[in-house]
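Me: I am new to this structure and should like to understand how it is put together. May I put some questions about it in turn?

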Amino acid sequence: MLKHSSYSKRYIYHSTTYFRQRYFGVDEIEVCNFCVQKCIYYWPEDGRAYVALGKALSKQSKTAEARAVYEKGCQATQGENPYIWQCWAVLEDKMGNTRRARELFDAATVADKKHIAAWHGWGVLELKQGNISKARHLLAKGLKFCGGNEYIYQTLARLEAKASRYEQARYLFRQATKCNPKSCASWLAWAQMEMQQENNRAARQLFERSIQASPKNRFAWHVWGLFEAKMGNVEKGRKLLKIGHALNPRDPVLLQSLALLEYEYSTANLARQLFRRASELDPRHQPVWTAWGWMEWKEGNIATARKLYQKALSINSTSETAARCLQAWGVLEQRIGNLSAARRLFRSSLNINSQSYVTWMTWASLEENQGNSVRAEEIRDLYFQQRTEVVDDASWVMGLLDIIDPALDRIRSVLNLDPASQQSRLDSLRTILEGENGNNIDEESDSNDMESESGFDVDAFCIERLSLDPSKLQVQMEFSPPSPVKRSREKVL
């Protein structure tokens with residue numbers, strides 16, 4: 001008789017292995033679906049198969065089929081599998097069915113109150129809806145029932161940073177990195193906060209930590225490269241972006257940023273080559289077309305810029321990127337005197353994202369420059385009338401600390417919301433920021449030197465850990481799409 005767990009795992013392994021390949025043909029997709037459907041047929045009570053098939057169908061944009069699979073899975077498992085409920089909730093959230101997603105996240109937590117992904121996913125949903133207090137309550141419940149979790153700590157830390165409560169944010173980031181020192185996302189989010197606060201040396205050391213945690217992470221190389229370029233270390237920024245590209249040759253975002261950097265500090269022709277290469281890697285990546293269009297406008301190639309903006313909008317006309325593209329196109333038309341077209345484009349952008357301060361004020365500026373001061377004031381008033389302002393209550397922090405560790409009197413003093421001595425807070429903060437190796441992160445220094453006090457050597461790290469020589473990096477400009485690979489269907493049983 002077939003053993004349930006071993007054969008079930010084997011079917012799922014074969015199917016997900018096929019599907020995770022970046023390039024695949026119809027045969028491979030069919031093999032994926034066939035294998036998981038076999039799992040469901042033989043072991044209908046095993047929730048893993050429903051999760052695997054639902055995710056596969058979602059990636060193919062077959063949302064109705066994915067929903068049906070999740071519903072069938074919940075019935076087969078008698079509603080006791082939280083993973084199916086949570087995946088179904090994520091699907092409904094992506095489709096914009098917020099109320100239904102809430103119900104499904106709730107069902108997941110009822111099925112298993114220790115299912116951390118459900119608490120976190122539900123909290124993030126409420127954040128997107130502007131329900132800050134509700135989100136905090138859900139994230140705190142996740143900590144209460146599940147214990148420390150890097151994702152929840154990181155989300156809470158970002159909330160604190162957004163509310164300008166930076167000591168609290170640092171403490172929570174520290175908790176996230178303690179939960180998982182290899183969490184590149186936590187180190188990176190912390191670095192970005194310090195970067196925004198112009199604690200440049202602290203940001204650089206945190207970027208180094210993020211790279212050490214995940215050497216091939218494209219986001220870490222990308223953000224660090226942009227940071228160095230912004231600090232005036234153009235060569236360092238260029239090198240970091242090239243390293244990221246060498247490690248992630250199929251990522252268009254790194255090439256897009258490298259193209260913008262080369263346009264500013266090198267030549268437009270080199271930037272064009274990089275934009276073209278990025279667009280070939282992922283023709284549906286809207287920001288590449290928008291950024292390329294912006295460059296062509298700056299170069300005076302108006303017709304080319306319009307075509308590139310049109311290309312970006314043809315991919316998706318309702319996304320946040322589309323809103324930014326319409327705003328940029330509106331500025332183009334405004335500068336060359338097509339004011340009616342500019343107004344239409346600004347209005348279209350605001351129909352997608354009514355919260356864009358830049359678009360509202362750009363439109364108001366247009367009217368002001370045309371002598372329509374009354375209309376300009378009306379536009380400004382419209383922005384302030386319709387904007388969503390979320391009031392965040394700081395009192396929640398004390399309650400959260402009771403969940404994290406009731407005995408942390410030292411942390412309570414650091415997170416004290418009453419005015420206190422700045423030097424005392426900084427001294428306590430240094431203690432919290434102290435790493436496991438005894439080195440603490442200097443968050444006060446204003447030095448913008450390229451060399452890190454930690455002695456981290458990017459070139460040596462790449463050679464030793466990645467077998468990559470940064471001095472010999474070149475971006476391959478020619479694009480040759482891989483030919484489909486014919487794979488023989490392996491026997492699963």
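Me: Which residues does Arg102 touch, not counting residues up to four places away in sequence?
Reply: The model is a predicted one. Arg102 is found in helix α6, residues 98–111. Leaving aside residues up to four places away in sequence, Arg102 touches Trp122, Leu125, Glu126, Gln129 and Asn131.

Me: Is Arg102 buried, partly exposed or exposed?
Reply: A residue counts as buried under 20% relative accessible area and as exposed over 50%. The relative accessible area of Arg102 is 26%, so the residue is partly exposed.

Me: How far apart in space are Arg102 and Ala89, C-alpha to C-alpha?
Reply: In sequence, Arg102 and Ala89 are 13 residues apart. In space, their C-alpha to C-alpha distance is 7.1 Å.

Me: How many helices and how many strands does the protein have?
Reply: The protein has 493 residues, and buried residues make up 49% of them. Among contacts between residues at least 6 apart in sequence, 56% join residues at least 24 apart. The secondary structure comes to 26 helices and zero strands.

Me: Are α9 and α10 roughly parallel or roughly antiparallel?
Reply: Helix α9 covers residues 150–162 and helix α10 covers residues 166–179; they pack at an angle of about 165 degrees, with their axes 8 Å apart. Angles over 145 degrees count as roughly antiparallel. The orientation of α9 relative to α10 is therefore roughly antiparallel.

Me: How do the residues of the contact of α9 with α10 divide into nonpolar, polar and charged?
Reply: The crossing of these two helices, α9 and α10, is left-handed. On the α9 side the contact includes Tyr153, Leu156 and Arg158, and on the α10 side it includes Leu172, Phe173 and Cys179. The residues of the contact of α9 with α10 divide into ten nonpolar, three polar and three charged.

Me: Which residue in the loop between α9 and α10 has a positive phi although it is other than glycine?
Reply: The residue sits in the loop between α9 and α10. Its phi is near 65 degrees. At 47% relative accessibility, the residue counts as partly exposed. The residue is Ser164.

Me: Is Gln78 buried, partly exposed or exposed?
Reply: Gln78 is found in the loop between α4 (63–76) and α5 (82–94). Although Gln78 is not a glycine, it has a positive phi of about 60 degrees. Its relative accessibility is 64%, so Gln78 counts as exposed.

Me: What is the handedness of the crossing in which α10 passes α11?
Reply: The axes of α10 and α11 are 9 Å apart, and the helices pack at an angle of about 160 degrees. The two helices, α10 and α11, are therefore roughly antiparallel to each other. As α10 passes α11, the crossing is left-handed.

Me: Which residues does Thr177 touch, not counting residues up to four places away in sequence?
Reply: The place of Thr177 is in helix α10. Its relative accessibility is 1%, so Thr177 counts as buried. Not counting residues up to four places away in sequence, Thr177 touches Ser186, Trp187 and Trp190.

Me: What covers the buried residues of α13?
Reply: Helix α13, residues 218–230, has 13 residues and reaches 18 Å from its first C-alpha to its last, close to the 18 Å expected at 1.5 Å a residue. Among its buried residues are Trp221, His222, Trp224 and Phe227. What covers the buried residues of α13 includes α11 (184–196), α12 (200–213), α14 (234–247), α15 (252–265) and α26 (458–466).

Me: Are α17 and α18 roughly parallel or roughly antiparallel to each other?
Reply: Helix α17 (residues 286–298) packs with helix α18 (residues 302–315) at an angle of about 165 degrees, and their axes are 8 Å apart. The crossing in which α17 passes α18 is left-handed. With respect to each other, α17 and α18 are therefore roughly antiparallel.

Me: How do the residues of the contact of α17 with α18 divide into nonpolar, polar and charged?
Reply: In α17, the residues that meet α18 include Trp289, Trp292, Trp294 and Trp297. In α18, the residues that meet α17 include Ile302, Leu308, Tyr309 and Ile315. The residues of the contact of α17 with α18 divide into eleven nonpolar, four polar and two charged.

Definitions and conventions: Residues numbered from 1 in each chain as written. Predicted model: local features only at pLDDT ≥ 70, side-chain atom pairs only at ≥ 80, totals over all residues. Heavy atoms only, no water. Axes fitted to C-alpha atoms, helices over the stretch in contact; angles between N-to-C directions. Helix = DSSP H or I, 4+ residues; strand = E, 2+ residues; numbered from the N terminus. Parallel < 35°, antiparallel > 145°, perpendicular 65-115°, else oblique. Left-handed = near helix turned anticlockwise from the far one by under 90°. Contact = heavy atoms within 4.5 Å. Nonpolar A, V, L, I, M, F, W, Y, C, P; charged D, E, K, R; others polar. Expected span 1.5 Å × (residues − 1). Buried < 20%, exposed > 50% of the residue type's maximum accessible area, 1.4 Å probe, protein only.
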